[in-house]
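Let's take a walk through this one together. Have the sequence and the 3D view open, and we'll go from the ligand outwards.

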Amino acid sequence: MDFDVIVVGSGLVGASLALALRTAGLTLAVVEAQPPRPATGTGAWDSRVYAISPGSATFLDRCGVWSELAQARVSQVEEMRIFGDDVRSEIGFSAYAAGLRELAFIVENRELQRVLWDGLKRAPDVAVIAPGSCRALTLAAELAQLELGDGRTLRARLVVGADGADSWVRTQAAIEAPPRPYHQLGVVANFATAKPHRGVAFQWFRSDGVLALLPLPGNLASMVWSTADAHAARLLELAPTELAAQVAAASRGVLGDLQVITPAAAFPLRLQRARQLVKPRLALVGDAAHNVHPLAGQGVNLGFRDARELAWVLAQRGVQADCGDYRLLRRYERARQEDIATMQLATDTLQRLFNNDNPWLARLRNFGLRLTNRQTQLKNLLVQHAVG
Ligand SMILES: Cc1cc2nc3c(=O)[nH]c(=O)nc-3n(C[C@H](O)[C@H](O)[C@H](O)COP(=O)(O)OP(=O)(O)OC[C@H]3O[C@@H](n4cnc5c(N)ncnc54)[C@H](O)[C@@H]3O)c2cc1C
């Protein structure tokens, strides 16, 4: 079986890349080990939600899936309020002040997976192999060869690793990506709130980690509390009423009393970057290429920007050009390096700055928040960058 491009992994980034490549005049295959389970129809809220930037929303719209999201499950962030560990330190961002309709959209992981997966299934020109397991990958001068667990062999000009943080493709290609664990978990849960959130996303830089409450439709909010492993384990053991009480107290009661509607779950957090994004006949996208701390809610947005850029580079290759050509792929790598490095540096620096007991550093960081809050132009610049 021969293709121009094989995408390994149809998570949010791999699936969006395959859909974005449909107009690039390429034959495509997607290999996914664990296709998403069909929705159970219970209407329960997924505890894993994303802050999708308007730039990512536009990209997903071009992939033909944004309008497929159930609107009743998407909410808009119109304001962000970020607090330091001293009560007077706050920085606020507003869509209105920046001349935007919204700063971000909050969407459940499951809902995004659903529309992307349905999009792939509807695409007659994408061969979806799922569940499919990969056994061996050979990158030769003319072609890449992917052996599947069922004995089939796929050949392609380009293989894209979109298979997440522990990427099998990256390992097969011998691309190093030394991880630096944060020794933190991102604890997630959803709550019904006594007070309306009015489209505001809240974040607190606390001595025990970074707590965020993101607005869901109605009087619901989604929590991400990035905190040390031991503290996270204690949060996960709490009874729902006790967890709600602790989160309400930690969030200074901004949304009043809370009630757990989706039980807590947790994800390990790490900083990681592949030393190369490309090799001849190979490219990496999404978490296979980089992992960032979730405090800026930018992980998947970075991945969508990879997918957008790679699709653009491949679409611009010219009629005769080989889509696995190293010089072409280097264009993608060069275009993505700065964005990835900047986001990793910014989130890692903030994480270190606030995850530190030094009283001088505490003063400095809180002063920094107050100072930045007074700089309208700087804030607008930060907003423009974040919305993509
Ligand atoms: C607590 C937490 C909160 C977060 N919040 C945000 C947020 O608000 N905003 C944001 O932008 N980002 C956020 N992120 C980051 C975000 O979750 C990831 O960046 C994103 O899911 C990466 O998508 P991906 O498609 O690259 O990888 P994945 O989602 O890991 O998908 C990889 C896919 O590859 C498949 N696969 C794996 N191995 C193989 C194989 N060998 N063969 C075939 N298929 C394979 C898997 O089954 C999966 O479907 C958060 C992360 C955490 C931990």
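How do the residues of the shell around the ligand divide into nonpolar, polar and charged? Keep in mind that we're looking at a predicted model. The split comes out as 15 nonpolar, eight polar and four charged residues.

**Around the ligand**

In total, 27 residues surround the ligand, and the closest are Glu32, Arg48, Asp287, Gly297 and Val300. Several elements chip in: helix 1 (12-20), strand 3 (49-52), strand 16 (258-273) and helix 7 (299-315) each supply at least two residues of that shell.

Some backbone atoms of the protein make polar contacts with the ligand, including these:

| Residue (backbone atom) | Ligand atom | Distance |
|---|---|---|
| Val13 | oxygen | 3.1 Å |
| Ala33 | nitrogen | 3.1 Å |
| Gly299 | oxygen | 3.2 Å |

As for cover, the ligand on its own has 1,000 Å² of accessible area, and the protein takes 84% of that out of reach.

**Pro263**

Strand 16, one of the elements that feed the shell, also holds Pro263. Is Pro263 buried or exposed? Its relative accessibility is 60%, and the bar for exposed is over 50%, so Pro263 counts as exposed. Even so, Pro263 has company from elsewhere in the chain: leaving aside neighbours within four places in sequence, it is in contact with Ser47, Val188 and Ala189. Ala130 is another story, sitting 133 residues away along the chain from Pro263, with 29 Å between the two C-alpha atoms.

**His197**

Now hop over to the loop between strand 12 (180-193) and strand 13 (200-206), where you'll find His197. This residue has a relative accessible area of just 10%; buried means under 20%, so His197 is buried. What does the side chain of His197 have for polar partners? One of its polar atoms lies 2.7 Å from the backbone oxygen of Leu216, and a polar atom of that side chain is also 2.9 Å from the backbone oxygen of Gly218. Not counting residues up to four places away in sequence, His197 touches Pro215, Leu216, Gly218, Leu220 and Leu255.

**Zooming out**

The domain assignment gives two pieced-together domains: domain 1 (2-42 + 111-179 + 271-351) and domain 2 (66-109 + 182-270 + 356-387). Taken over C-alpha atoms, their centres are 29 Å apart. How many residues of each are in contact with the other? For domain 1 the count is 22, and for domain 2 it is 17.

Key:
Residues numbered from 1 in each chain as written. Predicted model: local features only at pLDDT ≥ 70, side-chain atom pairs only at ≥ 80, totals over all residues. Heavy atoms only, no water. Near = heavy atom within 4 Å. Polar contact = N/O pair within 3.5 Å; in protein donor to acceptor, adjacent residues only side chain to side chain. Areas by Shrake-Rupley, 256 points an atom, 1.4 Å probe, with all protein chains shown as cover. Helix = DSSP H or I, 4+ residues; strand = E, 2+ residues; numbered from the N terminus. Nonpolar A, V, L, I, M, F, W, Y, C, P; charged D, E, K, R; others polar. Buried < 20%, exposed > 50% of the residue type's maximum accessible area, 1.4 Å probe, protein only. Contact = heavy atoms within 4.5 Å. Domains from an automatic or database assignment.
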